[in-house]
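Here are some short exercises to work through with the model open on your screen. Try each task first, then compare your reasoning with the solution below it.

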Amino acid sequence: GPQPNIISVNAAMTACEKGRAWTLTLLMLDELWSVGPRPSTISVNAGISACGRGVRWSAAIDLLDSMPSRKLRPSTASFSSAMRACGDALEWEQALRLFRRAVREGHGTDPTSCN
C-alpha cells in the first residue's frame, strides 16, 4: 500500500500528543528516525511536547539538543515546548536556561514562549 508521508505522520503524532498519548508520539518519532520518512522540525516538536505531557522534561531537552546533529534547526516552538515541559515539572532553572539559549539563538522574547 501507499507509504505515509511526513505530513500525515506529523498529523498523527500531533493528534496523539494532544490526546495525551505521549508514549505513542515518542514511539512514532523513534520509528521515523529508524525507517523514515525523515522527521521534520514539526515531528520533533511533537515529540518535545509529548515529553512535557509525560513530565519527562529531561527527554524534552535531549530531543531539542539532538536537533542540530540531525540537521534540523530548532524553532521558537521547539524552545517553547521544551520550556513548558521544564516549567510543568517545576524545573525553573532549566526553563530559564532554555529561554536564554533561545534568545541567544535568535528566537526573540515572544511572550507566548513564557506561558
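**Exercise 1: a buried acid and its partners**

Glu-17 has a relative accessible area of 5%, so it counts as buried, the cut-off being under 20%. Keep in mind as you work that this is a predicted model.

*Task.* Find which salt bridges Glu-17 forms, and decide how accessible each partner is.

*Solution.*
- Step 1. Start with Lys-18: its side chain meets that of Glu-17 in a salt bridge, at 3.7 Å from N to O.
- Step 2. Look up the accessibility of Lys-18. The value is 57%, and over 50% means exposed, so Lys-18 is exposed.
- Step 3. Now turn to Arg-53, which also forms a salt bridge with Glu-17; here the closest N and O atoms are 2.9 Å apart. This pair joins distant parts of the chain, with Glu-17 in helix α1 and Arg-53 in helix α3, 36 residues apart.
- Step 4. Arg-53 has a relative accessible area of 31%, and is therefore partly exposed.
- Step 5. Put the pieces together: Glu-17, Lys-18 and Arg-53 make up a network of salt bridges.

**Exercise 2: another link between helices**

*Task.* The whole structure holds 4 salt bridges. Work out which helices are linked by the one between Arg-101 and Asp-65, and whether each residue is buried or partly exposed.

*Solution.*
- Step 1. Check the contact: the closest N and O atoms of Arg-101 and Asp-65 are 2.5 Å apart.
- Step 2. Place the partners. Arg-101 belongs to helix α6 (residues 92-104) and Asp-65 to helix α4 (residues 57-66), so the bridge spans distant parts of the chain, 36 residues apart.
- Step 3. Compare with the cut-offs. Arg-101, at 11% relative accessible area, is buried, while Asp-65, at 37%, is partly exposed.

**Exercise 3: the largest pocket**

*Task.* Describe what lines the largest pocket, and say which helix gives the largest share.

*Solution.*
- Step 1. Begin with the volume, which is about 290 Å³.
- Step 2. Count the lining: there are 15 residues, and Glu-17, Ser-49, Arg-53, Ser-81 and Arg-84 lie nearest the centre. Two of these names, Glu-17 and Arg-53, are familiar from the salt-bridge network.
- Step 3. Assign the helices. At least two lining residues come from each of α1 (6-18), α3 (41-53) and α5 (76-88). The largest share, 6 residues, is supplied by α3.
- Step 4. Sort the lining by character: 4 residues are nonpolar, 5 polar and 6 charged.

**Exercise 4: a charge over a ring**

*Task.* Which residue lies over the face of Trp-33, and how many aromatic pairs are there?

*Solution.*
- Step 1. Look above the ring: Arg-70 lies over the face of Trp-33, 3.8 Å from the ring centre.
- Step 2. Then look for ring pairs, whose centres must lie within 6.5 Å. The count is 0 aromatic pairs.

**Exercise 5: unusual backbone geometry**

*Task.* Locate the cis peptide bond and the residues with positive phi, Arg-20 and Leu-90.

*Solution.*
- Step 1. Recall the background: most residues other than glycine have a negative phi, and most peptide bonds are trans.
- Step 2. The bond from Gly-36 to Pro-37 is cis, with omega near 0 degrees. Pro-37 sits in the loop between α2 (22-35) and α3.
- Step 3. Arg-20 has a phi of about 65 degrees and is in the loop between α1 and α2. Its relative accessible area is 57%, so Arg-20 is exposed.
- Step 4. Leu-90 has a phi of about 60 degrees and belongs to the loop between α5 and α6. At 61% relative accessibility, Leu-90 is exposed.

Methods
Residues are numbered from 1 along each chain as its sequence is written. This is a predicted model: local features need pLDDT of at least 70, side-chain atom pairs count only at pLDDT 80 or more; totals for chains, interfaces and linings use all residues. Side-chain values use heavy atoms; hydrogens and water are left out. On a 1 Å grid over the protein atoms alone, a cavity is a set of points where a 1.4 Å probe fits but cannot get out, and a pocket is an open set with protein on both sides within 12 Å along at least five of seven lines; lining residues have an atom within 4 Å of a point. Grid points are joined across faces, edges and corners, and a volume is the space filled by probe spheres set on the points. Helices (H or I, at least four residues) and strands (E, at least two) are DSSP runs, numbered from the N terminus. Ala, Val, Leu, Ile, Met, Phe, Trp, Tyr, Cys and Pro count as nonpolar, Asp, Glu, Lys and Arg as charged, and the others, Gly among them, as polar. Rings of Phe, Tyr and Trp (its six-membered ring) pair if their centres lie within 6.5 Å; planes under 30 degrees apart count as stacked, over 60 as edge-to-face and the rest as tilted. A charge sits over a ring if NZ of Lys or CZ of Arg is within 6 Å of the ring centre and within 35 degrees of the ring normal. Buried means under 20% relative accessible area, exposed over 50%, partly exposed in between (1.4 Å probe, protein chains only).
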